Amino acid sequence: MKSSDSNDDRLPIGETVVRRPAPRHGVASRQTKARRVSLPVLSVLALIVGLVTGLGAVVFRFLIGIIHNLAFQGTFSTTYDANVFGPTPPWGMGVILVPVIGGLIVVWLVRTFAPEARGHGVPEVIDAIFFKQGVIRPVVAVVKSLASALSIGTGASVGREGPIIQIGAALGSSLAQWTRLPTAQRIALLSAGAGAGIAATFNTPLGAVMFAVELMMPEISVATFIPVVIATGAATYVGRLAFGLHPAFMVPAASLPETDPFGVGTLALVVVLGLLCGLAAWAFIRGLAFAETFFDKLPFNAYVTNIIGMTLIGVLLYVLQTQTGHSFVDGTGYAAIQTVLQGALVSLPLLAILFLAKLFATTVSLGSGASGGVFAPSLFMGTTLGGAFGAVVALVFPDSGLSVMDSAMIGMASVNAGATGAALTAIIMVFEMTRDYNIIVPMIIAVAMSVGLRRLLMAENIYTVKLVPRGHRIPKDRHSNMFLIHPARELLDGAALFVNGAAPAGSAASQLSGDDMARPLVVTDGARIQGIITDPVQLLDLARHSPDACVGQLAHRRFIVAHEDSVMHDILKRMGRHGAEAVLVVDRRRGVPRAADVKGVIAKQQIADSVLASIQSTNA
């Protein structure tokens with residue numbers, strides 16, 4: 001197709017005029033260099049991201065083990081099982097300094113090389129998706145690995161899933177930048193890397209896919225879903241080669257199927273537990289936001305602030321170690337979760353204390369500058385809160401059938417879902433982590449109660465609340481705009497208005513009525529389509545100043561041609577690709593359309609009005 005300066009009158013359907021707006025510097029200029037790849041190629045890239053992220057998760061876990069053993073035992077070893085309590089550190093009160101020393105190194109790493117590596121990571125990934133076109137600096141993957149391994153290994157009360165999510169996302173984004181993919185495919189690879197990270201961490205491929213769908217992907221289609229599935233599958237495979245096929249937590253009751261469903265009374269108790277978990281999730285979000293604000297406002301530099309926070313953590317670890325025999329809340333806390341799920345920890349006072357201790361430790365750790373995730377802490381809090389609830393039920397309603405272990409698993413999913421807002425992810429992941437299918441129905445009920453109550457108390461989840469002060473609000477719901485599936489003919493508001501391009505402006509303007517001012521004009525040269533006038537007011541202005549000027553000088557060809565049965569989704573993609581201002585709707589499928597084939601014109605303003613009406617009808 002030739003440019004608008006050409007005299008060529010060919011305008012086949014599916015082609016557009018070629019006069020496009022000049023690209024702006026920065027984002028737009030980067031887009032002009034982008035190269036969209038086919039789905040098979042994108043899938044191969046996703047496979048690479050999944051394999052590399054899986055290897056990254058393996059290295060990350062070994063790194064945590066090395067640092068933990070050095071910090072708490074003074075030995076160099078990669079042997080470390082987070083699900084088992086380690087021996088008592090030989091440092092006595094000196095153990096208080098372990099989180100402090102580790103925290104200072106973390107602050108230096110983050111401040112020097114990658115400030116976005118501070119905190120729990122997932123908010124930065126979400127921010128990159130919605131506000132930075134999927135761009136994450138490659139250095140983030142390295143700094144996040146080191147900083148988070150130091151934080152977790154030296155006792156900060158944070159999880160390892162947030163870091164590996166950010167690491168996987170950074171790997172996906174970096175590969176997409178290196179291969180110069182457009183924004184949509186870059187975000188797809190970023191989401192694939194994030195899902196791969198959590199899959200390799202927890203051995204939960206299904207939950208990882210749901211995590212990406214619920215929290216990461218702004219658009220779900222075959223082109224975005226398949227890369228995520230491939231990456232999570234590949235990462236899970238690598239993780240299983242390194243760590244085995246067993247679930248994240250061993251639950252003995254999983255092999256003992258229930259013979260009867262839970263009774264109505266038990267389900268009522270589950271509703272109460274779900275509401276308590278919703279309150280706990282709200283307290284976690286509020287507490288973390290408060291801690292981050294509080295420590296940021298302290299009149300000290302980042303190093304002194306971190307020393308204050310990590311000293312509090314060190315004291316808490318020392319007190320728990322000396323009074324209970326274990327520190328419980330350091331690092332991921334998986335050992336405590338495993339102990340509760342195996343029925344070895346059922347003490348109501350201790351479970352309640354551990355819930356409060358973990359809430360305090362995690363908010364203080366992240367608020368004072370630690371690097372790590374909130375996913376594992378939310379599982380810990382849910383397990384201990386649920387376990388404590390189960391202990392109360394066992395005392396008050398001994399025949400309810402709701403054990404401490406059942407309540408702990410329900411609480412695990414419910415607090416996590418309430419905090420993250422990812423209900424399906426929590427249900428599926430807890431099932432994959434425990435392999436206990438019997439608990440699914442009460443878990444679904446409790447999760448619904450938890451998410452619903454937390455949403456009533458506050459709209460933001462634990463990831464998006466951090467972005468609000470930046471003015472970055474993330475959509476909480478995904479809506480399918482029904483407007484996009486409508487054919488073009490349904491947007492036409494009447495027959496096309498034609499005007500002869502050779503006619504004087506004054507004569508043509510005199511034939512327009514008031515209603516015609518809101519409709520584009522089709523400028524013709526006999527049977528040939530010369531162009532369109534999107535805003536008829538231009539014709540009135542020309543008639544006022546140069547009534548004898550030809551109408552044709554106002555005609556432009558910044559439009560695309562579409563058949564009346566074409567759906568708006570495809571039309572909008574073509575308009576955006578070619579910088580078109582309007583759509584010429586015709587009833588001819590092939591060849592060069594003529595004036596007699598034109599059914600009408602759809603301008604951008606008309607499209608905007610239709611989209612708004614569709615959204616209003618959906619939310620009504």
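Helix 4 is largely enclosed by the rest of the structure, because 8 of its 10 residues are buried. The model is a predicted one. Beyond this helix, the briefing covers two loop residues and two open sheets.

**Helix 4 and its surroundings**

- The buried residues of helix 4 are Val122, Pro123, Glu124, Val125, Ile126, Asp127, Ala128 and Ile129.
- These buried residues pack against helix 6, helix 7 and helix 8, the last of which spans residues 205-216.
- Just after helix 4, glutamine 133 adopts a positive phi of about 55 degrees.

**Loop residues with positive phi**

- Most residues other than glycine have a negative phi.
- Glutamine 133, which is not a glycine, has a phi near 55 degrees.
- The loop that holds glutamine 133 runs between helix 4 (122-131) and helix 5 (139-153).
- Glutamine 133 counts as partly exposed because its relative accessibility is 23%, while buried means under 20%.
- Arginine 180 likewise has a positive phi, of about 60 degrees, although it is not a glycine.
- Arginine 180 sits in the loop between helix 6 (161-178) and helix 7 (183-202).
- With a relative accessibility of 41%, arginine 180 also counts as partly exposed, since the exposed class begins over 50%.

**Sheet of strands 1, 2 and 3**

- Strands 1-2-3, in that order, form an open sheet of 3 strands with mixed pairing.
- Its edge strands are strand 1 (497-500) and strand 3 (528-533), each of which pairs on one side only.
- On average, and with direction ignored, neighbouring strands of this sheet are turned by 35 degrees against each other.
- Strand 1 and strand 2 (residues 521-525) run parallel and are joined by 4 bridges.
- Phenylalanine 498 has valine 522 of strand 2 as its bridge partner.

**Sheet of strands 4, 5 and 6**

- A further open sheet of 3 strands has the order 4-5-6, again with mixed pairing.
- Strand 4 (559-563) and strand 6 (598-603) are the edge strands here, each pairing on one side only.
- Neighbouring strands of this sheet are turned by 25 degrees against each other on average, direction ignored.
- Strand 5 (residues 582-586) pairs with strand 6 in the antiparallel sense over 5 bridges.
- The bridge partner of leucine 584 is valine 601 in strand 6.
- Helix 20 (residues 568-578) packs on this sheet and touches strand 4 and strand 5.
- The direction of helix 20 makes about 160 degrees with that of strand 4.

Notes:
Residues are numbered from 1 along each chain as its sequence is written. This is a predicted model: local features need pLDDT of at least 70, side-chain atom pairs count only at pLDDT 80 or more; totals for chains, interfaces and linings use all residues. Side-chain values use heavy atoms; hydrogens and water are left out. Two strands pair if DSSP finds at least two bridges between them. Helices (H or I, at least four residues) and strands (E, at least two) are DSSP runs, numbered from the N terminus. Axes are lines fitted to C-alpha atoms, for helices over the stretch in contact, and angles run from 0 to 180 degrees between N-to-C directions. Buried means under 20% relative accessible area, exposed over 50%, partly exposed in between (1.4 Å probe, protein chains only). Contact means heavy atoms within 4.5 Å.
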